[in-house]
Amino acid sequence: MSRAYPTPDIDQPTPLLGGLTPREFMRDYWQKKPLLIRQAIPGFQPSVTIRDVQTLARREEVESRLITHGDKGWSLKHGPFRGFPPASQPKWTLLVQGVDLHDDESAALLRQFRFISDARLDDLMVSIATDGGGVGPHVDSYDVFLLQGLGRRRWRTSNQADRALVPDLPLKILADFQPDADDILEPGDMLYLPPHVCHDGVAVGNGCMTLSIGFRVPSQATLARGLLESAADQLSAQHLGDPGLYGHPCLPGPDLSALYTDADIPATRQPAALPDQLVQATLDTLQRVRLDQAVAARFLGQWLTSLPDNALFDPADVSVSLAAAVPETGHLTLDRCTRLMYSGAQLFINGEVAEQACEPALAALADQRSLPAAELQGLAPTTLALLDEWLQEGWVHWTDD
Ligand code: SIN
Ligand code: CO
């Protein structure tokens, strides 16, 4: 029987956050300072075994790393792997990303943190380690909750300013790690780390498993690049004669599909010099592209709902057609891999922009990841037809109550 991990109410104190409410945690700790939480999940038992983690690391589409260190220094290998060092050999660790995509209970564990937007949630990484195993002292640029699953791990953290790295290593290891906190975590204990806190987690004894609930932190350059690519798509859409792509007349004024012209350009004695006219024409294109809230949301919605390679759906035998008749009981649930987000009327699913506007029932499905039959009654036939398509893709599932 799989364990349920409900998302805590944002105003209720919760053991998950050491007795803080999610609102207090976000105000006082999120992106600000570490928090050690003893027995965040009392009696926690991971739903995956050490063997499951190894099995995943053998798969082509799963991202995994094997890190060992010893007399010969540090070594880093990327999966897929055909075998692993023996459990009796100390100082190695295997890290597997995206475990939530393969296991419902791991996905449910992740959803317990949905007092933080899905836009920030990344994945569940699971690491296994033998005695002394770890990735070395380092800094990450994302927020993470490190939940101890099996065995014990010693976590040391530091706010030091010195970020110099040991040169010429396959991993980024801090040259001079000076910890100011030192704690041993047991199963169910959890450590929250904001970006840029130096840390080092070392297995104490064999059979250590740590689950990392990770949050993506896009760089400003990533956001700018994505937005500008989205803007460039507007040009292509115009070129392909698809002005409706953005759902509103976003390209007033000159026809951007038009080719650059320089019929008036004189003969040159400096053929290597970039023509000022071309430079200006380049700048002018951006002035003509609309960079507004809708375009930014469209880029973010598509990008943040796009799926990693190991998100695989089972286009199931669909026994129900909602467009034909919504059953009186039962409920619709998103597949563990499905990413469904919205912004105003825009709706995004698994990297696609839905043709349908996001009505309240679809927003509720996105927020709750499940919707009872009663809330589907009376929806427009086009909405029900869209949900039928998602059922056929295996993106959502129907369960009889
Ligand atoms: C882990 O070893 O499980 C976590 C690695 C890290 O500190 O980022
Ligand atoms: Co780290």
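The exercises below work through salt bridges, enclosed and open spaces, a surface patch and some backbone features of one predicted model.

In this predicted model, local features need pLDDT of at least 70 and side-chain atom pairs count only at pLDDT 80 or more, while totals for chains, interfaces and linings use all residues. Residues are numbered from 1 along each chain as its sequence is written, chains are lettered from A and ligands numbered from 1 in the order in which they are written, and side-chain values use heavy atoms, with hydrogens and water left out.

**Exercise 1. Find how many salt bridges there are, and say which parts Asp104 and Arg336 tie together.**

Step 1: Begin with the rule, by which a salt bridge is a side-chain nitrogen of Lys or Arg within 4 Å of a carboxyl oxygen of Asp or Glu. The count by this rule is eleven salt bridges.

Step 2: One of them joins Asp104 to Arg336, with 3.1 Å between the closest N and O atoms. Because Asp104 belongs to helix α3 and Arg336 to the loop between β10 (331-334) and β11, this pair ties together parts that are 232 residues apart in sequence. Helices (H or I, at least four residues) and strands (E, at least two) are DSSP runs, numbered from the N terminus.

Step 3: Arg336 has 26% relative accessibility, and therefore counts as partly exposed; buried means under 20% relative accessible area, exposed over 50%, and partly exposed in between (1.4 Å probe, protein chains only).

**Exercise 2. Describe the salt bridges of Arg154 and of Arg290.**

Step 1: Arg154 pairs with Asp182, and their closest N and O atoms are 2.5 Å apart. Arg154 lies in strand β6 (residues 143-158) and Asp182 in strand β7 (residues 181-185), so the pair ties together parts that are 28 residues apart in sequence.

Step 2: Arg154 is partly exposed at 33% relative accessibility, and Asp182 is partly exposed with a relative accessible area of 41%.

Step 3: Arg290 forms its salt bridge with Asp292, where the closest N and O atoms are 3.0 Å apart. Arg290 is partly exposed at 34%, and Asp292 is partly exposed at 23%.

**Exercise 3. State how many cavities of 30 Å³ or more there are, and describe the lining of the largest cavity.**

Step 1: On a 1 Å grid over the protein atoms alone, a cavity is a set of points where a 1.4 Å probe fits but cannot get out, and lining residues have an atom within 4 Å of a point. Grid points are joined across faces, edges and corners, and a volume is the space filled by probe spheres set on the points.

Step 2: There are two cavities of 30 Å³ or more, and the largest has a volume of about 180 Å³. It is lined by 16 residues, of which Arg111, Asp118, Leu121, Thr338 and Arg339 are the closest to its centre.

Step 3: At least two lining residues come from each of α3 (104-111), β5 (121-129) and β11 (340-343). The lining of the largest cavity has seven nonpolar residues, one polar and eight charged, where Ala, Val, Leu, Ile, Met, Phe, Trp, Tyr, Cys and Pro count as nonpolar, Asp, Glu, Lys and Arg as charged, and the others, Gly among them, as polar.

**Exercise 4. Work out which element gives the most residues to the lining of the largest pocket.**

Step 1: A pocket is an open set of grid points with protein on both sides within 12 Å along at least five of seven lines. The largest pocket has a volume of about 1,000 Å³.

Step 2: Its lining holds 41 residues, and Arg65, Gln97, Met125, Asp140 and Tyr142 lie nearest its centre. Among the elements that give two or more residues are β2 (64-70), β3 (73-78) and β4 (92-96).

Step 3: β9 gives the most, with six residues. The whole lining of the largest pocket divides into 16 nonpolar, 14 polar and eleven charged residues.

**Exercise 5. Locate the cis peptide bond and describe the positive phi of Gln39 and of Lys91.**

Step 1: The peptide bond from Gly79 to Pro80 is cis, with omega near 5 degrees, and Pro80 is placed in the loop between β3 and β4.

Step 2: Lys91 is also found in the loop between β3 and β4, and has a positive phi near 65 degrees although Lys91 is a residue other than glycine.

Step 3: Gln39, which is not a glycine either, has a positive phi of about 50 degrees, and is found in the loop between β1 (35-37) and α2 (50-57).
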